[in-house]
Every structure is written in structure tokens, then in C-alpha cells.
Amino acid sequence: MSFIKELTTDNPDILLVEPLVQRDAEISLIWLKGEAGRESLQSMGVAPKDIKSPALKEEAARIQGFINDKDQLNWMISYKGNIVGAVWVDLVENNNL
């Protein structure tokens with residue numbers, strides 16, 4: 001859930017923008033297939049045996065879930081016009097962190 005479509009920062013090269021399934025699923029898929037994606041998942045507590053090869057349809061559904069989630073605010077990080085990451089704010093207490 002994100003009411004604000006774009007947030008500016010002190011750095012004009014960096015914006016927080018609304019997630020878009022069509023754009024972000026492919027970017028996410030590339031990242032998840034790489035070493036950095038696997039390392040990030042492991043650092044978030046996902047066991048290596050539970051990291052599966054991602055598929056575009058699953059990533060699209062996951063991103064749509066972020067957009068639909070009423071307990072989070074989600075944005076993509078845009079740097080010089082390229083999506084380089086994501087940030088979210090949980091609106092309810094979360095003991096996973």
C-alpha cells in the first residue's frame with residue numbers, strides 16, 4: 001500500500017517511486033538469480049536450502065502482494081532513473097527484525 005507515488009530525497013539522483021509489477025518483477029528476477037540476491041535472502045534468515053530458483057510469474061505475484069499489503073508502505077529506489085532496490089515501512093509491529 002503506497003499513497004505517495006514518488007518521494008524526493010536530498011540527492012536529486014535518488015527518488016523513491018511507486019512499485020510497478022511490469023517493471024519491477026523482471027528487475028527482481030535478475031537480482032534474485034545473482035549472488036547478491038542469495039546473500040541478501042540468507043542475511044534475512046532464509047536458509048540456503050529454501051532459496052529456490054525464481055520465476056517471473058512468482059515475482060510478479062510477490063510484488064503485487066507488496067502493493068496490496070495494507071500493513072506496509074512500499075517504494076522502489078530509483079537512482080538516475082534506474083531501479084536499484086526497494087524500501088518498505090511496516091505499519092504494524094514485526095518481530096522478524
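## Close-up views of a predicted model

**View 1. Leucine 91 and its nonpolar surface patch.** At 44% relative accessibility, leucine 91 counts as partly exposed, because that label covers values between 20% and 50%. As a predicted model, this is a computed picture throughout. Look for leucine 91 in the segment that comes after strand E4 (82-90). Together with Val89 and Val92, Leu91 makes a nonpolar patch on the surface, and the three share about 230 Å² of accessible area.

**View 2. The four-stranded sheet.** Here's the open sheet: its four strands are ordered E1-E2-E3-E4, and the pairing is antiparallel. Strand E1 (6-8) and E4 are at the edges, and each has a single partner strand, so one side of each has no neighbour in the sheet. On average, neighbouring strands are turned by 25 degrees against each other, ignoring direction. What holds paired strands together in general? Strands in a sheet pair through backbone hydrogen bonds, in either a parallel or an antiparallel way.

**View 3. Where E3 meets E4.** How many bridges join E3 to E4? Count eight of them, with the two strands running antiparallel. One pair to find is tryptophan 75, which stands opposite valine 87 in E4. Then follow the chain round the hairpin of E3 and E4: there are two residues between the strands, and lysine 80 takes a positive phi near 50 degrees in this hairpin.

**View 4. Serine 78 up close.** Serine 78 sits in strand E3 (residues 72-79). Is serine 78 buried or exposed? With just 8% relative accessibility, serine 78 counts as buried, because the cut-off for buried is under 20%. Its bridge partner in E4 is isoleucine 83. Leaving aside residues up to four places away in sequence, serine 78 touches Asp13, Ile14, Leu15, Val17 and Ile83.

**View 5. Helix H1 and leucine 29.** Leucine 29 has its place in helix H1. At 14% relative accessibility, leucine 29 counts as buried. Which residues does leucine 29 touch, if we skip those up to four places away in sequence? They are Pro54, Ala55, Leu56 and Glu59. Now check lysine 57: leucine 29 and lysine 57 are 28 residues apart in sequence, and their C-alpha atoms are 9.7 Å apart in space.

How values were computed
Residues numbered from 1 in each chain as written. Predicted model: local features only at pLDDT ≥ 70, side-chain atom pairs only at ≥ 80, totals over all residues. Heavy atoms only, no water. Buried < 20%, exposed > 50% of the residue type's maximum accessible area, 1.4 Å probe, protein only. Contact = heavy atoms within 4.5 Å. Patch = residues over 30% accessible without salt bridge, like charges linked within 9 Å, V, L, I, M, F, W, Y side chains within 5 Å. Areas by Shrake-Rupley, 256 points an atom, 1.4 Å probe, with all protein chains shown as cover. Salt bridge = Lys/Arg side-chain N within 4 Å of Asp/Glu carboxyl O. Pairing = 2+ DSSP bridges. Axes fitted to C-alpha atoms, helices over the stretch in contact; angles between N-to-C directions.
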